[in-house]
Amino acid sequence: IENVNFKTWSQQIQEQPYNLIDCDFPYGVNAGDTKGQSGAGAYGHYDDKPEIYFDLIETFLKRQDNFVSPSAHMIFWFSMKFYEPTIKALTAAGWKVDPFPLIWHKSDGRGLLPDPSRGPRRVYETALLCTLGDRKIVRPVANAISAPTFKSEAIHLSEKPYAVVKHFLSMLTDEHTNLLDPTAGGGSSIAAAKDL
């Protein structure tokens with residue numbers, strides 16, 4: 001695990017490009033900044049503005065030839081708020097995007113409640129399954145999983161649970177996998193891929 005700035009790292013050509021990316025950039029939804037609906041006060045804050053989300057996507061896609069194999073898969077976590085512009089950016093850069101998102105349903109009912117007077121609590125998160133080249137999956141899995149949120153938010157406010165990332169990564173991971181998680185957070189995808 002390298003503790004470096006992704007924008008700087010992405011400028012370097014990698015000797016062994018990555019054929020599986022688990023990308024979980026900040027969603028650009030101002031988490032922790034609205035109506036006290038996150039644990040940011042207790043667990044720390046990270047920048048989650050829309051311009052940061054789109055800047056990271058632009059950097060990734062502009063420089064992907066430096067570190068992504070021509071035949072690769074990517075699980076790209078995102079907010080449904082940016083469904084269309086996210087798919088548009090990924091497809092313009094050559095990724096084939098499955099229009100049916102991967103879904104993590106938070107079985108403990110935890111999630112953001114942006115406006116309790118006007119809408120429901122958001123208890124699921126979504127990811128896009130993306131392919132470069134004609135890379136095949138290793139095994140089929142369900143496109144949705146129900147699991148509780150990660151219990152130790154002291155590590156990372158928005159960490160995906162190990163069971164969730166392992167479920168989706170099991171569709172794509174084998175002995176030939178070289179995984180990149182450009183914003184590793186608590187590192188659950190790295191642990192899951194290693195175990196797989």
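The following exercises, each with a worked solution, concern the predicted model shown above.

Residues are numbered from 1 along each chain as its sequence is written. Because the model is predicted, local features need pLDDT of at least 70 and side-chain atom pairs count only at pLDDT 80 or more, whereas totals for chains, interfaces and linings use all residues; side-chain values use heavy atoms, with hydrogens and water left out.

**Exercise 1. Overall composition**

Determine which secondary structure elements make up the protein and in what order they run.

Solution. Helices (H or I, at least four residues) and strands (E, at least two) are taken as DSSP runs and numbered from the N terminus. On this basis the protein has six helices and seven strands. From the N terminus on, their order is α-β-α-α-β-α-β-β-β-β-α-β-α. The next step concerns burial, where buried means under 20% relative accessible area, exposed over 50%, and partly exposed in between (1.4 Å probe, protein chains only). Of the 196 residues in the protein, 44% are buried. The last step concerns contacts, defined by heavy atoms within 4.5 Å. Among contacts between residues at least 6 apart in sequence, 76% join residues at least 24 apart.

**Exercise 2. Strand β5 and its partners**

Establish which strands pair with β5 and how many of its residues are buried.

Solution. Two strands pair if DSSP finds at least two bridges between them. Begin with β2 (68-78), which pairs with β5 in the antiparallel sense over seven bridges; here alanine 72 has leucine 132 of β5 as its bridge partner. Proceed to β3 (residues 96-97), which is joined to β5 by two bridges, also in the antiparallel sense, with valine 97 opposite cysteine 130. Then take β4 (residues 102-106), whose antiparallel pairing with β5 has four bridges and sets tryptophan 104 opposite glutamate 125. Finally, consider burial: strand β5 (residues 124-132) is largely enclosed by the rest of the structure, because eight of its nine residues are buried.

**Exercise 3. The two faces of β4**

Identify which side chains of β4 point to the buried face, and find the parallel partner of this strand.

Solution. In a regular strand the side chains alternate between the two faces of the sheet. In β4, Leu102, Trp104 and Lys106 point to one face and are buried, while Ile103 and His105 point to the other and are not. The parallel partner is strand β6 (residues 144-147), joined to β4 by four bridges. Within this pairing, lysine 106 has alanine 147 as its bridge partner in β6.

**Exercise 4. Surroundings of histidine 73 and lysine 160**

Describe where histidine 73 and lysine 160 lie, and state why each is classed as it is.

Solution. Histidine 73 belongs to strand β2. This residue counts as buried because its relative accessibility is 2%. Leaving aside neighbours within four places in sequence, its contacts include Trp95, Leu129, Cys130, Thr131 and Leu172. Lysine 160, by comparison, is in the loop between β6 and α5 (162-169). Its relative accessibility is 4%, so lysine 160 also counts as buried. Not counting residues up to four places away in sequence, lysine 160 touches Asp24, Tyr27, Trp77, Trp104, Glu125, Val165 and Ser188. The C-alpha atoms of lysine 160 and glycine 187 are separated by 9.2 Å, although the two residues are 27 apart along the chain.

**Exercise 5. Helix α3**

Compare the span of α3 with its expected value and state what covers its buried residues.

Solution. The expected span of a helix is 1.5 Å times one less than its number of residues. Helix α3 (residues 50-63) has 14 residues and reaches 20 Å from its first C-alpha to its last, close to the expected 20 Å. Its buried residues are Tyr53, Leu56, Ile57, Thr59, Phe60, Leu61 and Arg63. Their cover includes α1, β1 (18-23), β2 and α4 (83-92).

**Exercise 6. Glutamine 14**

Locate glutamine 14 and list its contacts.

Solution. Glutamine 14 is in the loop between α1 and β1. With 17% relative accessibility, glutamine 14 counts as buried. Apart from neighbours within four places in sequence, glutamine 14 is in contact with Trp9, Asn66 and Phe67. Glutamine 14 and valine 68, 54 residues apart in sequence, are 8.5 Å apart in space, C-alpha to C-alpha.
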